[in-house]
Amino acid sequence: MKNTYLKALSILLYTLIGFVCISASISAHHSAEMFNRDEIVTLTGTVKEFRYINPHSWLIVDIDNDDGSTTTWGFEGEGPQDMMHGGVRKGDLPPGAKITITGNPMRDGRPAAMWQTIIKEDGTLLNWRTPGRD
Amino acid sequence: MTPTLGLSQAAVEDENWPQIKQRMIERGLKYESAWEFYKALEVDSEDTTLSPDEVPDWSGLWERPGGAPRWFDSDQVDSKTTANLKGEYASMFNEILVSAEQGQVWDPHSGCGQARGYPGMLKNGRPHEFAVTPHQTWHLGQARNEVRRIYTDGRGHTPEDWAYETEHGDSIGFWNGQMLITHTMYTKGGWTGRLMPYLSTALESIEIWQKTDDQTIQADVWIYDSEALETPWYTRQIFKQIHQEEGSPLRLEYWWNCHSQNNIVIETEDGGTTFLDFDFTDMDDQ
């Protein structure tokens, strides 16, 4: 129970961090207006693929729905340079890794979001959004 | 252990910056054109060439400091450009702002990763490199695969009969000690960046580049544009060296183009931005 409580507290904390980061962030290669930056989703799932490439990295994650189905979500981050700034390596998110991820969802309802923070199964926080970067 | 990379620093750190900037603006106003300004500086220079042992060390990776958004002019506040725009260029900029207020923002260079060109490349947020030789200086930018050449071998501009407009224009320059002074023309003008102005093909500029300390390269830039600007647009462009510990993985990499799409961004009918259809299940999404 204590672990569950701490995990929930961590998610809340990192969600708040995410909101702080959002207020200053604008995606560099294209406008981020397709994402609703006033909203944040927190989802738990399994990494399917980490596309660690320019101009934007994409983390592809299978999310289990309450009805037993699975939806594949895409989370857009910045390119490898920004990932390196934040200490996020390609090997940090191998296929099969269980994660809890926060992001700003698409306005049109499609299953994608602007990636904010990740908590790995062991509690490690991955936050490539180092202060002052877009 | 993962090597750490240093964070960006403030843009213009000089406490006397407002006074310095005003002097620079007034300096630009003394001349009718960038070319006139350039020739005046050339006259004042004692030795305009570099020998190999005089080449300054501008090696390393450099980036624009400060947080997002990185304006072309670091003194820009919100969407209020410091450029004194006129005519249709003022109208175009106002239209951009009106659309943005309605939540519609489209970056015309988002689609294929094509070069932003000069002068927009100066503000690109990804790493920059400078390759300095006595006869040419190359400015490379990772974002949008920018390459700009500045010829310092004494040649003039491409003769008018042969000249044509290109993304980065035609830049010539000379050295005054460790300062590189350039003149640029024959650009396509165009867009300087998100919520920033468009400029015309009449653009010409003068730049004074110098390394002001181990961590800083700065360029004082005056843009003259008889079509788009009422007065020369002065900005100071700062580049901070990216700190790299031994073993850092960071390199200036080839960036991206339409042949290696990983997210196809399109303009919406009402002038906004969105992704093309995707479901992350096949290679077409990449």
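In the predicted model, strand 3 of chain A pairs with strand 5 of chain A in the parallel sense, over three bridges. Within this pairing, Gly74(A) has Ala112(A) in strand 5 as its bridge partner. Strand 3 (residues 70–76) of chain A also pairs with strand 2 (residues 58–64) of chain A. Here the strands run antiparallel, and seven bridges join them. One of the paired positions is Asp62(A), whose bridge partner in strand 3 is Thr72(A). Strands 2 and 3 of chain A form a hairpin with five residues between the strands. In that hairpin, Gly68(A) takes a positive phi near 95°.

Strand 5 of chain A covers residues 112–120 and includes Met114(A). Met114(A) has 24 other C-beta atoms within 10 Å; the cut-off for a buried residue is 20 or more, so Met114(A) counts as buried. Thr102(A) lies twelve residues from Met114(A) in sequence. Their C-alpha atoms are 8.5 Å apart in space.

Chain A as a whole holds two helices and six strands. Along the sequence, these elements follow the pattern α-β-β-β-α-β-β-β. The chain has 134 residues, of which 41% count as buried. Among its contacts with a separation of 6 or more, 61% join residues 24 or more positions apart.

Chain B has three helices and 13 strands. Of its 286 residues, 38% count as buried. For contacts in chain B with a separation of 6 or more, residues 24 or more positions apart account for 59%.

Strand 5 of chain B is mostly covered, with six of its seven residues buried. This strand pairs with strand 4 (residues 146–151) of chain B in the parallel sense, over two bridges. Ile150(B) has Ser171(B) in strand 5 as its bridge partner. Strand 5 of chain B is also joined to strand 6 of chain B by seven bridges, and these two strands run antiparallel. Ser171(B) appears in this pairing too, with Thr184(B) in strand 6 as its bridge partner. The hairpin of strands 5 and 6 of chain B has two residues between the strands. Gly177(B) in this hairpin takes a positive phi near 65°.

Helix 2 of chain B spans residues 34–44, and its buried residues are Ala34(B), Phe37(B) and Tyr38(B). Seen down the helix axis, the buried residues fall within an arc of 100°, so they line one face of helix 2. The face turned away from the buried side carries the exposed residues Glu36(B), Ala40(B) and Val43(B). The buried residues of helix 2 pack against four elements of chain B: helix 1 (17–29), strand 6 (179–185), strand 9 (204–213) and strand 10 (216–224).

Nonpolar side chains in soluble globular proteins tend to be buried together. The largest nonpolar core of the model has 32 residues. Ala34(B), Ile217(B), Trp222(B), Ile223(B) and Leu229(B) have the most contacts inside this core. At least two core residues come from each of several chain B elements: helix 2, strand 2 (128–132), strand 5 (170–176), strand 6, strand 9, strand 10 and strand 11 (233–241). Strand 10 of chain B supplies the largest share, five residues. Leaving aside residues up to four places away in sequence, Trp222(B) touches Gly28(B), Ala34(B), Phe37(B), Ser205(B), Ile206(B), Pro232(B) and Tyr234(B). Another core, of 24 residues, lies apart from the largest one. Its members include Trp73(A), Ile118(A), Ile119(A) and Leu126(A).

Helix 3 of chain B comprises 15 residues, from 87 to 101. At 1.5 Å a residue, helix 3 should span 21 Å, and its end C-alpha atoms are 22 Å apart, which agrees. Gly103(B) follows helix 3 of chain B and has a positive phi, near 85°.

Methods
Residues are numbered from 1 along each chain as its sequence is written. Chains are lettered from A and ligands numbered from 1 in the order in which they are written. This is a predicted model: local features need pLDDT of at least 70, side-chain atom pairs count only at pLDDT 80 or more; totals for chains, interfaces and linings use all residues. A residue is buried if 20 or more other C-beta atoms lie within 10 Å of its own, exposed if 12 or fewer, and partly exposed in between; C-beta atoms are placed from the backbone. Two residues are in contact if their C-beta atoms, placed from the backbone, lie within 7 Å. The arc is that of the directions from the helix axis to the C-beta atoms. A nonpolar core is a set of buried Ala, Val, Leu, Ile, Met, Phe, Trp, Tyr and Cys residues joined through C-beta atoms within 7 Å. The expected span of a helix is 1.5 Å times one less than its number of residues. Two strands pair if DSSP finds at least two bridges between them.
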